[in-house]
Amino acid sequence: MKTADTAAGAEVRGGPNWPLLALAMGAFGIGTTEFSPMGLLPVIAEGVNVSIPSAGLLVSAYAAGVMLGAPVMTLLFSRFGKRTALMTLMGIFTIGNIMSALAPDYWTLLIARLVTSLNHGAFFGLGAVVAASVVPRDRRASAVATMFMGLTIANIGGVPAATWLGHQIGWRAAFAGTAVLGLVAIAALWFALPQGEPGRRPEVRRELRVLIRPQVLIALLTTVMGSAAMFTLYTYIAPTLETLTGASQGFVTLVLVLTGIGFTIGNGLGGRLADWSLNGATAIFMGALAVIMLAIPFLIGSQMGAAITLTIWGAAAFALVPPVQMRVMQAAHEAPGLASSINIGAFNFGNAIGAAVGGAVIGLNLGYAAVPVAGGVLALAGLGLVWLGRRG
């Protein structure tokens with residue numbers, strides 16, 4: 001049976017690290033279902049007869065499900081082996097996407113998105129622990145970044161493909177295709193991960209006590225602010241581009257691809273800098289995100305400007321993911337699985353806040369140019385939390 005040590009040794013010698021690749025495959029599917037509604041928001045809104053801000057609540061509902069599911073699913077599946085737990089979580093993902101494809105109305109689709117989201121936090125939380133266990137200690141942040149690379153690559157291939165499919169055939173087909181990705185991920189996890197030993201019943205009170213430490217809470221709040229800043233714009237990226245840049249559906253798809261490339265570049269860079277300094281990397285990228293978002297209204301008047309700016313924005317936004325994830329795991333090292341999962345919930349709490357803030361800006365008729373500015377303010381708040389955490 002393959003162990004963590006042998007897997008790590010294979011990675012060091014330059015061979016493929018199959019567990020990391022399988023985890024990245026699962027992340028690819030989750031990233032596709034999480035982000036594809038952003039590019040399809042006007043189509044979904046029309047298909048279920050609601051406004052664009054109301055359709056944006058589908059993003060908030062998904063985020064709420066992640067927050068609820070992260071601790072519950074992690075504690076529920078902790079007694080199982082990691083492979084069994086991760087495969088079961090991807091089964092929930094597959095069922096939720098099938099429900100979304102078949103949803104007859106808005107409220108049924110909302111429930112389906114909640115079901116889909118229940119796997120998200122626990123998958124990335126448990127997956128981050130597995131990823132960190134199969135590489136040498138000084139490369140753990142890079143290993144976590146490799147798993148999240150599946151999420152970023154989804155924005156290059158999966159999300160644009162789902163967006164194109166949704167515009168050509170219908171948004172239901174996009175969700176059905178994403179369900180197929182879930183089946184592929186289940187097979188990859190079954191082949192790549194060792195069966196392992198059954199988990200232990202978690203000591204819930206002890207682990208929860210770890211999570212209420214001031215440093216853990218500050219790290220979690222930093223994650224929330226960074227994610228909220230990103231999703232203030234990303235939730236409404238399609239109508240923002242259509243309004244400020246005069247973008248066609250084809251150009252929106254192209255920008256989603258370029259943003260995904262930015263996500264991928266940033267994720268890799270964030271992992272490398274996080275291996276150097278967790279606090280330093282978080283401060284650098286949170287500050288960069290704030291500056292870029294405040295400048296976006298002045299830079300995306302043309303399609304060329306929009307393409308370049310949003311690629312850089314994507315790199316800054318996703319470069320935050322490895323350092324903030326590792327900061328929480330390090331601060332709560334006695335309960336890494338639960339802390340890691342709850343931090344994924346914190347990401348999605350930020351998603352919900354960002355979607356709500358962006359929707360409020362639009363609802364108040366402040367204009368789409370104010371959407372990225374609001375995100376920049378949230379990033380500045382996140383930078384303040386980084387400073388507070390470093391003092392502590």
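Which residues in helix α11 (residues 237–244) are buried? Keep that in mind; the tour comes back to it after a look at the whole chain.

**The whole chain**

Start with everything shown as a cartoon. This is a predicted model. The chain has 17 helices and 0 strands. Its C-alpha trace spans about 55 × 50 × 40 Å along the principal axes. A compact globule of 392 residues would have a radius of gyration near 21 Å, and the 19 Å of the chain agrees with that.

Switch on the surface. The accessible area comes to about 15,000 Å², and 68% of this belongs to carbon and sulfur atoms. Of the 392 residues, 59% count as buried. Contacts reach far along the sequence: among those between residues at least 6 apart, 84% join residues at least 24 apart.

Now colour by charge. There are 20 positive and 12 negative charges in the chain. The mean positions of the two sets are 7 Å apart.

**Helix α11**

Select residues 237–244. Here is the reply to the opening question: Ile 237, Ala 238, Pro 239, Thr 240 and Leu 241 are buried. What do they pack against? The partners of the buried residues of α11 are α2 (18–47), α3, α10 (214–234), α12 and α14. Show those helices together with α11.

Then step just past the helix. Gly 246 follows α11, and its phi is positive, near 70°.

**Tyr 368, beside α11**

Select Tyr 368. It sits in the loop between α16 (336–363) and α17 (370–391). Is this loop residue buried or exposed? Tyr 368 has a relative accessible area of 17%, and buried means under 20%, so Tyr 368 is buried.

Show its contacts. Leaving out residues up to four places away in sequence, Tyr 368 touches Pro 239, Thr 240, Thr 243, Leu 244 and Ile 362. Pro 239 and Thr 240 are among the buried residues of α11. Draw a distance to Leu 241 as well. Tyr 368 and Leu 241 are 127 residues apart in sequence, yet their C-alpha atoms are 8.8 Å apart.

**Thr 74 in helix α3**

Move to α3 (residues 52–77) and pick Thr 74. Its relative accessibility is 2%, so Thr 74 counts as buried. With residues up to four places away in sequence set aside, Thr 74 touches Gly 69, Ala 122, Leu 126, Gly 337, Leu 338 and Ser 341.

**The aromatic pairs**

Show Phe, Tyr and Trp side chains. The structure holds 13 aromatic pairs. Zoom in on Trp 171 and Phe 175. Their ring centres are 6.0 Å apart and their planes stand at 85°, so this pair is edge-to-face. Both residues belong to helix α8 (residues 171–192), where a spacing of 4 residues separates Trp 171 and Phe 175 by about one helical turn. Both Trp 171 and Phe 175 are buried.

Next, select Phe 263 and Trp 313. Here the ring centres are 6.3 Å apart and the planes lie at 50°, so the pair is tilted. Phe 263 lies in helix α12 (residues 249–276) and Trp 313 in helix α14 (residues 303–319), so the pair ties together parts that are 50 residues apart in sequence. Phe 263 and Trp 313 are both buried.

Where does this pair lead? Widen the selection to Phe 35, Phe 231, Tyr 234, Phe 263, Trp 313 and Phe 318: ring pairs link these residues into a cluster.

Note on methods
Residues are numbered from 1 along each chain as its sequence is written. This is a predicted model: local features need pLDDT of at least 70, side-chain atom pairs count only at pLDDT 80 or more; totals for chains, interfaces and linings use all residues. Side-chain values use heavy atoms; hydrogens and water are left out. Helices (H or I, at least four residues) and strands (E, at least two) are DSSP runs, numbered from the N terminus. The radius of gyration is taken over C-alpha atoms; the globule rule is 2.2 Å times the number of residues to the power 0.38. Buried means under 20% relative accessible area, exposed over 50%, partly exposed in between (1.4 Å probe, protein chains only). Contact means heavy atoms within 4.5 Å. Accessible areas come from the Shrake-Rupley method with a 1.4 Å probe; for residues, only the protein chains shown count as cover. Lys and Arg count as positive and Asp and Glu as negative; His and the chain ends are not counted. The place of a charge is taken as NZ of Lys, CZ of Arg, CG of Asp or CD of Glu. Rings of Phe, Tyr and Trp (its six-membered ring) pair if their centres lie within 6.5 Å; planes under 30 degrees apart count as stacked, over 60 as edge-to-face and the rest as tilted.
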